[in-house]
Amino acid sequence: LIFIAFAFGCNMGCSVIVSKLFGAKDFKGMKTAVYTACIFSAIVCAILMLIGVGGSGTLLRLIRTPDEVFADSKLYLDIYAWGLPFVFFYNIATGIFSALGDSKTPFYFLAVSSLSNIAVDIWFVTAFQMGVAGVAWATFLCQGVSCILAMTVVFLRLAKIEGKEKAPIFDAQILKQIIIIAVPSTLQQSFISFGNIIIQGLINSFGASITAGYAAAVKLNNLVITSFTTLGNGMSNFTAQNYGAGNLKRCKKIFGLCMLFGIGFTEILSIIFIIWDDFFVSIYTTSAAVAVYGIIRMHHVCLLEGVTATYEVGSASLRGMGKSIEPSIITILGTVVFRMIWMVTVFKRVPTYNMLMNVYVASWVVTGGLIFIIYILITSGG
């Protein structure tokens, strides 16, 4: 997730700047922004690959990965690290498509990649008996094909956009603008993941059954998170386009609509998970001892999971207006500092799995409330 946070940051930095230039009809600058973002992403990706391949064992030890799953975890992480270029450039491609107002093309690539990933997973694991390595290599290959196709379509589409002059492949000023958006966005997502890692370390200390049950519930939870994260990405681009065109009124309108939709959709999906909790958890495990801990987590976080939409939508809107530092600072306070305070106070007094799950909702309320207040303060003058 931390690796993905860096890819997400590059995506946001590229898409927001490209959206602004597209909205302002500066097509030469827009093309240069794409080329500059690709160069920047390649450098960041190379550094992360070195860290991932060289330090996977150390990273897994830091979060107290149980010995019985350590070897498989390290194998998967090693292969995943080698596939990081595909993750990065696929994210760049989706950001560019969204910035140009096209959300269908990246969806088609994602749908084909995901469905083929399932098929290749089954093929590698059952036909070739490759186990965890088969799952990792299947992801590597399918992401690779999807990334190459997506980037090819991006450059073909850019070539069709007319410009009076040939666009430079690099611009230091545009790079600075991308970094101003990308770094805070990366830090925001990284600190959310870091806050989760703090909890994951404690979860792992409870033993393999609780770790597995928690992991099953998190996979379901990721379906909800992905929905409003994607909503936020689209909203950032839409806001950037209109902000670049000087239409703040429309930026505020989409904020309100996305907030209502994000909270409503998240709550409906969460309630469905709670009603049919046994069924959904059974998708990931057949062990009753494991399933019970997955259900406990779902019941603790699902009812109020709509709160997460408040800080995702608020952050997305602020990023689209070029205000990426404020939501990043608030996210650090809410998902890391607040959770650490919770650990040394509330959890220390009642060190149970149930109490540990309560920290999610508490930190969401704090983070969402603060970001909403900041959004109102920033936009109240326009």
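Biologist: What makes Lys-74 and Asp-78 a pair about one turn of the helix apart?

Modeller: Both residues lie in helix H3, residues 67-82, and they are 4 residues apart. This is a predicted model.

Biologist: Why is the contact between the side chains of Lys-74 and Asp-78 called a salt bridge?

Modeller: The N to O distance is 3.0 Å. The cut-off is 4 Å between a Lys or Arg side-chain nitrogen and an Asp or Glu carboxyl oxygen, so the pair qualifies. Side chains of opposite charge can pair when their charged atoms come close.

Biologist: Why does Asp-78 count as buried?

Modeller: Asp-78 has 17% relative accessibility. Buried means under 20%, so Asp-78 falls in that class. Lys-74 has a relative accessible area of 29%. That value lies between 20% and 50%, so Lys-74 is partly exposed.

Biologist: How many salt bridges does a search of the whole structure find?

Modeller: The search finds 3. One of them joins Arg-61 and Asp-67.

Biologist: How do you know that Arg-61 forms a salt bridge with Asp-67?

Modeller: Their closest N and O atoms are 3.3 Å apart. The limit is 4 Å, so the pair counts.

Biologist: Is Asp-67 buried or exposed?

Modeller: Asp-67 has a relative accessible area of 60%. Exposed means over 50%, so Asp-67 is exposed.

Biologist: What makes Arg-157 and Asp-102 a salt bridge?

Modeller: The closest N and O atoms are 2.4 Å apart. That is within 4 Å, so the pair is a salt bridge. Arg-157 sits in helix H6 (residues 131-160), and Asp-102 sits in the loop between helix H4 (84-99) and helix H5 (104-127), so the pair ties together parts 55 residues apart in sequence.

Biologist: Which classes do Arg-157 and Asp-102 fall into?

Modeller: Arg-157 is at 29%, between the 20% and 50% limits, so it counts as partly exposed. Asp-102 is at 14%, which is under 20%, so Asp-102 counts as buried.

Biologist: Where is confidence highest and where is it lowest in the chain?

Modeller: Helix H2, residues 27-62, is highest, at a mean pLDDT of 90. Helix H8, residues 208-244, is lowest, at 79. The chain averages 84, and 99% of the residues score at least 70.

Biologist: Where does H2 bend?

Modeller: H2 bends at Gly-55, by about 75 degrees. After H2 comes Arg-64, which has a positive phi, near 55 degrees.

Biologist: How do you know that Thr-310 is buried?

Modeller: Thr-310 has a relative accessible area of 17%. The cut-off is under 20%, so Thr-310 is buried. Thr-310 lies in helix H12, residues 307-320. A polar atom of its side chain lies 2.4 Å from the backbone oxygen of Val-307.

Biologist: Which residues is Thr-310 in contact with, leaving aside its neighbours within four places in sequence?

Modeller: They are Met-259, Ile-263, Gly-368 and Ile-371. Ile-263 belongs to helix H9, residues 248-275. With the same neighbours left aside, Ile-263 is in contact with Gly-306, Ala-309 and Thr-310.

Biologist: Why does Ile-263 count as partly exposed?

Modeller: Ile-263 is at 32%, between 20% and 50%, so partly exposed is the right class.

Biologist: What makes Thr-335 buried?

Modeller: Its relative accessible area is 1%. The limit is 20%, so Thr-335 is buried. Thr-335 is in helix H13, residues 325-349. Its side chain reaches the backbone oxygen of Thr-331 at 2.6 Å. Beyond neighbours within four places in sequence, Thr-335 is in contact with Phe-191, Ile-192, Gly-195 and Thr-367.

Biologist: How many aromatic pairs does the structure hold?

Modeller: The structure holds 15 aromatic pairs. Among them is Phe-338 with Trp-342, whose ring centres are 6.3 Å apart.

Biologist: Why is the pair of Phe-338 and Trp-342 called tilted?

Modeller: Their centres, 6.3 Å apart, are within the 6.5 Å limit, so the rings pair. Their planes are at 45 degrees, neither under 30 nor over 60, so the pair is tilted. The two residues are 4 apart in helix H13, about one helical turn. Phe-338 is partly exposed at 23%, whereas Trp-342 counts as buried at 15%.

Biologist: Which residues form one aromatic cluster?

Modeller: Phe-86, Trp-137 and Phe-140 do.

How values were computed:
Residues are numbered from 1 along each chain as its sequence is written. This is a predicted model: local features need pLDDT of at least 70, side-chain atom pairs count only at pLDDT 80 or more; totals for chains, interfaces and linings use all residues. Side-chain values use heavy atoms; hydrogens and water are left out. Buried means under 20% relative accessible area, exposed over 50%, partly exposed in between (1.4 Å probe, protein chains only). pLDDT is the predictor's confidence in each residue, from 0 to 100. The bend at a residue is the angle between axes fitted to the seven residues ending there and the seven starting there. A polar contact is a pair of N or O atoms within 3.5 Å; within protein, one must be able to donate a hydrogen and the other to accept it, and residues adjacent in sequence count only if both atoms are side-chain atoms. Contact means heavy atoms within 4.5 Å. Rings of Phe, Tyr and Trp (its six-membered ring) pair if their centres lie within 6.5 Å; planes under 30 degrees apart count as stacked, over 60 as edge-to-face and the rest as tilted.
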